[in-house]
Each structure stands twice: as structure tokens, then as C-alpha cells.
Amino acid sequence: MAHHPHSGTGPQADADPEGQAVREHVPRHGLDPPGPVAMDDGEVAVQDGHAGEPSAEAPDIEAPAAGPSAAELEGRLRRALADLDNLRKRYERQLTAEREQERARTAAVFLPVIDNLDLALAHADSDPAAVVDGVRAVRDQAVNTLSTLGFPRRDDTGVPFDPMWHEAVSVVPNTGEPDGTVVQVIRPGYGEVDRQLRPATVVVAGNTQG
């Protein structure tokens with residue numbers, strides 16, 4: 001059998017070292033099997049399973065439960081509105097009752113004042129001078145009662161004018177007092193910082209310079 005001049009066997013192959021070297025440097029693309037190729041996690045997952053098929057370990061997706069119907073929601077809304085209206089009415093009744101009770105307690109505090117006025121008037125014919133003392137005592141009792149309720153009397157003179165406590169109705173010059181000093185209380189005020197029945201009506205010292 002005749003040998004092919006370029007076959008890799010026979011004496012000629014052994015005698016051609018240069019050809020062998022050239023063949024060793026020629027790339028062998030398409031001949032050798034490819035080595036392992038690095039792939040990301042997604043690609044590995046696809047190759048492990050069958051394309052287009054879910055994994056055997058994937059959980060089943062349950063269909064969402066049916067929500068309440070429109071009629072049921074409307075019923076809930078109506079019940080909530082009814083409960084809110086009942087709560088509002090109950091609160092109004094309680095507030096009205098508390099106001100009435102507070103009004104009664106305040107009126108009861110002034111009953112002794114009225115009793116003392118009646119006593120003073122009863123002795124007016126027999127001792128007219130005693131009426132003045134009786135009225136003054138009743139006035140003091142009424143002032144103390146207001147103070148007990150949280151509305152102390154404010155009728156100080158010689159203090160600086162304060163719009164929180166005072167309402168000036170007149171300015172008097174040349175009083176010898178510093179400007180803005182309360183020199184006379186026409187009508188006393190009653191109350192405190194957080195609750196005040198009325199400010200005091202006062203006369204203050206004016207500017208003595210022109």
C-alpha cells in the first residue's frame with residue numbers, strides 16, 4: 001500500500017522534525033473539546049433544569065382569597081357611622097350634665113352670701129348703722145368666695161400698668177408717679193393668668209414732659 005506524502009506515520013514523519021514543530025504550534029480550534037466556562041448564578045440555574053420548565057422546589061402560588069363584597073363593606077360603614085353618632089350623642093349628654101352640676105355647685109357657694117344679705121336687711125330698721133357693717137362683711141365674703149373658685153380680686157394701686165391685668169380709661173398728668181403707674185382702680189378685676197373674668201379698670205399716670 002502506498003503511503004500519503006503528508007500522513008503522520010512512516011519514516012518521513014520521523015524525518016521531518018520541522019514539520020512536527022510547526023504542527024505543534026498550530027491552534028487546534030474545533031478539534032479539542034472546550035473546557036469549563038464560568039457562568040453566573042442565573043445561567044447555572046437554567047442549565048441545571050430544563051428550559052421553560054419550573055423548578056421542582058418552587059412553591060406553589062396560591063390564588064388570593066376573595067375579599068369582602070361591596071354590600072358587606074357598605075354594611076360595615078353604616079355600622080361604624082352609627083357607632084360614631086351614638087358616641088357623639090353620649091358625649092354631648094355627659095357634657096351637658098357636667099355643666100349643670102358645675103353650675104349648681106357654683107350657685108351653692110353663693111348661698112351663704114345671700115343669707116347674710118338677708119340678715120343685714122332684716123336689721124336695717126332697728127339699727128341702720130349695722131347695715132353698712134353687714135354689707136361690708138357680705139362683700140368680703142363674696143370676694144373670698146370668688147377667690148376660692150379661682151378668681152381672686154385684683155385692685156392694686158401703685159403698680160406698673162399691665163395690659164394683661166388692666167384696662168386704662170384715663171391718663172392723669174403730674175401725679176408724681178412714674179409714667180404708666182396705676183394711680184386709681186375704678187373697677188377691680190378678677191381672675192388669674194390662665195382664667196380671668198375681667199381686667200381691672202384703672203387710671204394711670206401720664207407723661208409729665210409736654
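Two strands count as paired when DSSP finds at least two bridges between them. By that yardstick, this predicted model has an open sheet of three strands, arranged in the order 1-4-5 with antiparallel pairing. Strand 1 (153–154) and strand 5 (196–198) sit at the edges with a single partner strand each, so one side of each has no neighbour in the sheet. Strand 1 meets strand 4 (residues 189–191) in the antiparallel sense, and two bridges hold that pairing on the books. Within strand 4, the residue opposite Arg154 is Gly189.

Arg154 turns up again in a contact with a ring: its charged end sits over the ring of Trp165, 3.7 Å from the centre. A second arginine does something along these lines, with Arg195 lying over the face of Phe151 at 5.8 Å from the ring centre. As for rings paired with rings, the count of aromatic pairs in the structure is zero.

Next comes strand 6. Six of the six residues in strand 6 (residues 200–205) are buried, so the strand is largely enclosed by the rest of the structure. Cover comes on both faces: Ala200, Val202 and Val204 are buried on one side, and Thr201, Val203 and Ala205 are buried on the other. Strand 2 (residues 166–172) runs parallel to strand 6, and the two pair over six bridges; here Val172 stands opposite Ala205. Strand 3 (residues 182–187) also pairs with strand 6, this time in the antiparallel sense and over four bridges. Val182 has Val204 of strand 6 as its bridge partner.

On to helix 6, which spans residues 128–148. Its 21 residues reach 31 Å from the first C-alpha to the last, close to the 30 Å expected at 1.5 Å a residue. The buried residues of this helix are Val131, Gly134, Val138, Ala142, Val143, Thr145 and Leu146. What do the buried residues of helix 6 pack against? The list takes in helix 4 (70–109), helix 5 (111–122), and strands 1, 4 and 5, the last three being the members of the open sheet described above.

Thr145 gives a residue-level look at this packing. With a relative accessible area of 10%, Thr145 falls under the 20% cut-off and therefore counts as buried. Leaving aside residues up to four places away in sequence, Thr145 touches Val109, Phe110 and Val113. After helix 6 comes Gly150, which has a positive phi, near 100°.

Definitions and conventions: Residues are numbered from 1 along each chain as its sequence is written. This is a predicted model: local features need pLDDT of at least 70, side-chain atom pairs count only at pLDDT 80 or more; totals for chains, interfaces and linings use all residues. Side-chain values use heavy atoms; hydrogens and water are left out. Buried means under 20% relative accessible area, exposed over 50%, partly exposed in between (1.4 Å probe, protein chains only). Contact means heavy atoms within 4.5 Å. Rings of Phe, Tyr and Trp (its six-membered ring) pair if their centres lie within 6.5 Å; planes under 30 degrees apart count as stacked, over 60 as edge-to-face and the rest as tilted. A charge sits over a ring if NZ of Lys or CZ of Arg is within 6 Å of the ring centre and within 35 degrees of the ring normal. The expected span of a helix is 1.5 Å times one less than its number of residues.
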